[in-house]
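Please open the model in your viewer and keep the sequence beside it, so that each stop of this tour can be selected in turn.

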Amino acid sequence: HEEKLARRVEERSRYRERLSKNVIELKRKSNVKGVLFEAVQARDLLIMLHKQGFTLLKADDLSGVSIKSTGEHEVFINGYGEDKPISLTVIIHGSS
């Protein structure tokens, strides 16, 4: 039982580490000042993360995400039994 628990803790640790090193890049329509015509929401990031294999994430883990401009942004992911959220880099490229 202790081995199984230790293995699960190790798997979560590796998952958190992989997730924290991940960078999501998206292309969205924006004006010349870099303001997006439609904000990037948690569901947009969740879809990208699921495609990258992070299928354990749920919408609640990314609550409150609303990115409204181009550039590099830091998003925090909650959960995984840890007090400290995971930091994720999101880069939004604008297009007309």
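Begin by selecting β4 and β5, two strands that run antiparallel and are joined by 7 bridges. Bear in mind throughout that what you see is a predicted model. Within this pair of strands, select Glu72 and look across to β5, where Ile91 stands opposite.

**The sheet and its helices**

Now add β1 to the selection, and you have an open sheet of 3 strands in the order β1-β5-β4, with mixed pairing. Which strands stand at the edges? They are β1 and β4, and because each has a single partner strand, one side of each is left without a neighbour in the sheet. If you turn the view to look along the sheet, you can follow a twist that averages 30° from one strand to the next.

Next, select helix α1, which packs on the sheet and touches β1, β4 and β5, while its direction makes about 30° with that of β5. Then select α2, which lies across β1, β4 and β5 and runs at about 130° to β1.

**The nonpolar core**

Before the next stop, one general idea is useful: in soluble globular proteins, nonpolar side chains tend to be buried together. In this model the largest nonpolar core has 21 residues, and the members that touch the most other members are Leu45, Leu49, Leu57, Leu62 and Ile77. Colour α1, β1, β2, α2, β4 and β5 as well, since these are the elements that give two or more residues to this core.

To see one member's surroundings, select Leu62 and show its contacts: leaving aside residues up to four places away in sequence, Leu62 touches Ala42, Leu45, Leu46, Leu49, Val75, Phe76 and Ile77.

**An aromatic pair**

How many aromatic pairs does the count come to? The count comes to 1 aromatic pair, and you will find it by selecting Tyr15 and Phe54, whose rings are arranged edge-to-face, 5.5 Å from centre to centre and with 75° between the planes. The pair links distant parts of the chain, for Tyr15 belongs to helix α1 whereas Phe54 sits in the loop between α2 and β3, 39 residues apart. Are these two residues buried or exposed? Tyr15 counts as buried at 10% relative accessibility, and Phe54, with a relative accessible area of 4%, is buried as well.

**Three salt bridges**

Switch now to charged side chains, among which the structure holds 3 salt bridges. Go back to helix α1 and select Glu10 and Arg14, whose side chains meet in a salt bridge at 3.9 Å from N to O. Because these two residues are 4 residues apart in helix α1, Glu10 and Arg14 are separated by about one helical turn. Glu10 is partly exposed, with a relative accessible area of 41%, and Arg14 is also partly exposed, with a value of 47%.

Still in helix α1, select Glu17 and Lys21, which form a salt bridge whose closest N and O atoms are 3.0 Å apart. Here too the two residues are 4 residues apart in the helix, so that about one helical turn separates Glu17 from Lys21. Glu17 is partly exposed at 43% relative accessible area, whereas Lys21 counts as exposed at 59% relative accessibility.

For another of the salt bridges, select Arg43 and Asp44, whose side chains meet at 3.2 Å, N to O. Asp44 has a relative accessible area of 16% and is therefore buried, since the cut-off for buried is under 20%.

**The loop between β1 and β2**

End the tour in the loop between β1 and β2, where you can select Ser30. Ser30 is buried, with a relative accessible area of 8%. Beyond the residues up to four places away in sequence, Ser30 touches Val35, Leu36, Phe37, Thr70, Gly94, Ser95 and Ser96.

Asn31 is found in this loop between β1 and β2 too, but Asn31 counts as partly exposed, at 30% relative accessibility. As a last step, draw a distance from the C-alpha of Asn31 to the C-alpha of Leu57: these residues are 26 residues apart in sequence and 32 Å apart in space.

Methods. Residues are numbered from 1 along each chain as its sequence is written. This is a predicted model: local features need pLDDT of at least 70, side-chain atom pairs count only at pLDDT 80 or more; totals for chains, interfaces and linings use all residues. Side-chain values use heavy atoms; hydrogens and water are left out. Buried means under 20% relative accessible area, exposed over 50%, partly exposed in between (1.4 Å probe, protein chains only). Contact means heavy atoms within 4.5 Å. Rings of Phe, Tyr and Trp (its six-membered ring) pair if their centres lie within 6.5 Å; planes under 30 degrees apart count as stacked, over 60 as edge-to-face and the rest as tilted. A nonpolar core is a set of buried Ala, Val, Leu, Ile, Met, Phe, Trp, Tyr and Cys residues joined through side-chain atoms within 4.5 Å. A salt bridge is a side-chain nitrogen of Lys or Arg within 4 Å of a carboxyl oxygen of Asp or Glu. Two strands pair if DSSP finds at least two bridges between them. Axes are lines fitted to C-alpha atoms, for helices over the stretch in contact, and angles run from 0 to 180 degrees between N-to-C directions.
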